[in-house]
Amino acid sequence: MKVCTDRASRERLWKDSDRMYYPKGVDDLDYCVLKFTAQRGNYYHGLKNADFSIGELEEEGRG
């Protein structure tokens, strides 16, 4: 998990409705973005539970 406090990361996810919680806007010191990098995932589709790795997704994207 990485804490992103740079303005570009903050602006990417900022919505005007967030001002209710962060009155100083995108520059509010209490506002940050948390970034995580997954290595595996799991989803449910067609009455089946499926596992996948991020590497598999990356390989499919190259094809």
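A residue is called buried when its relative accessible area is under 20%, exposed when that area is over 50%, and partly exposed in between. Keep those cut-offs in mind, and remember too that this is a predicted model.

Let's start with Glu11. Its relative accessible area is 42%, so Glu11 falls in the middle class, partly exposed. The side chain of Glu11 meets that of Arg7 in a salt bridge, with N and O 2.8 Å apart. Both residues belong to helix α1, and they sit four residues apart, about one turn of the helix. Arg7 comes out at 41% relative accessibility, so Arg7 is partly exposed as well.

Arg7 has another partner. Asp27 also forms a salt bridge with Arg7, and here the closest N and O atoms are 2.4 Å apart. Asp27 lies in the loop between α1 and β2, while Arg7 is in helix α1, so this pair ties together parts that are 20 residues apart in sequence. At 48% relative accessibility, Asp27 counts as partly exposed. Through shared partners, the salt bridges join Arg7, Glu11 and Asp27 into one network. How many salt bridges does the count come to? It comes to two.

Now for another arginine in the same helix. Arg10 is found in helix α1, which covers residues 7-13. Unlike the residues we have just met, is Arg10 buried or exposed? Arg10 is buried, and it has no salt bridge. The nearest side chain of opposite charge belongs to Asp27, and it is 4.8 Å away. A salt bridge needs the nitrogen and the carboxyl oxygen to be within 4 Å, so a gap of 4.8 Å between Arg10 and Asp27 doesn't qualify. What Arg10 does have is a polar side-chain atom 2.8 Å from the backbone oxygen of Val26. Setting aside residues up to four places away in sequence, Arg10 touches Thr5, Val26, Asp27, Asp28, Leu29, Tyr31 and Val33.

Next, have a look at the surface. Met1, Val3, Leu34 and Phe36 make a nonpolar surface patch of about 500 Å². One of these, Val3, has its place in strand β1, residues 2-4. Val3 has a relative accessibility of 51%, so it counts as exposed.

Further along the chain comes strand β3, residues 40-45, where you'll find Tyr43. With a relative accessible area of 43%, Tyr43 is partly exposed. Leaving out neighbours within four places in sequence, Tyr43 is in contact with Lys48, Asn49, Ala50 and Phe52.

The loop between β3 and β4 holds Leu47. What is the phi of Leu47, which is not a glycine? It is positive, at about 65 degrees. That is worth a second look because most residues other than glycine have a negative phi. Leu47 is also exposed, because its relative accessibility is 75%.

Our last stop is helix α2, residues 54-62, which is the place of Leu57. Leu57 counts as partly exposed, because its relative accessibility is 43%. To get a feel for distance, try going from Leu57 back to Asp30: they are 27 residues apart along the chain, and their C-alpha atoms are separated by 34 Å.

Conventions:
Residues are numbered from 1 along each chain as its sequence is written. This is a predicted model: local features need pLDDT of at least 70, side-chain atom pairs count only at pLDDT 80 or more; totals for chains, interfaces and linings use all residues. Side-chain values use heavy atoms; hydrogens and water are left out. Helices (H or I, at least four residues) and strands (E, at least two) are DSSP runs, numbered from the N terminus. Buried means under 20% relative accessible area, exposed over 50%, partly exposed in between (1.4 Å probe, protein chains only). Lys and Arg count as positive and Asp and Glu as negative; His and the chain ends are not counted. A polar contact is a pair of N or O atoms within 3.5 Å; within protein, one must be able to donate a hydrogen and the other to accept it, and residues adjacent in sequence count only if both atoms are side-chain atoms. Contact means heavy atoms within 4.5 Å. Patches are made of residues with over 30% relative accessible area and no salt bridge: like charges are joined within 9 Å, nonpolar side chains (Val, Leu, Ile, Met, Phe, Trp, Tyr) within 5 Å. Accessible areas come from the Shrake-Rupley method with a 1.4 Å probe; for residues, only the protein chains shown count as cover.
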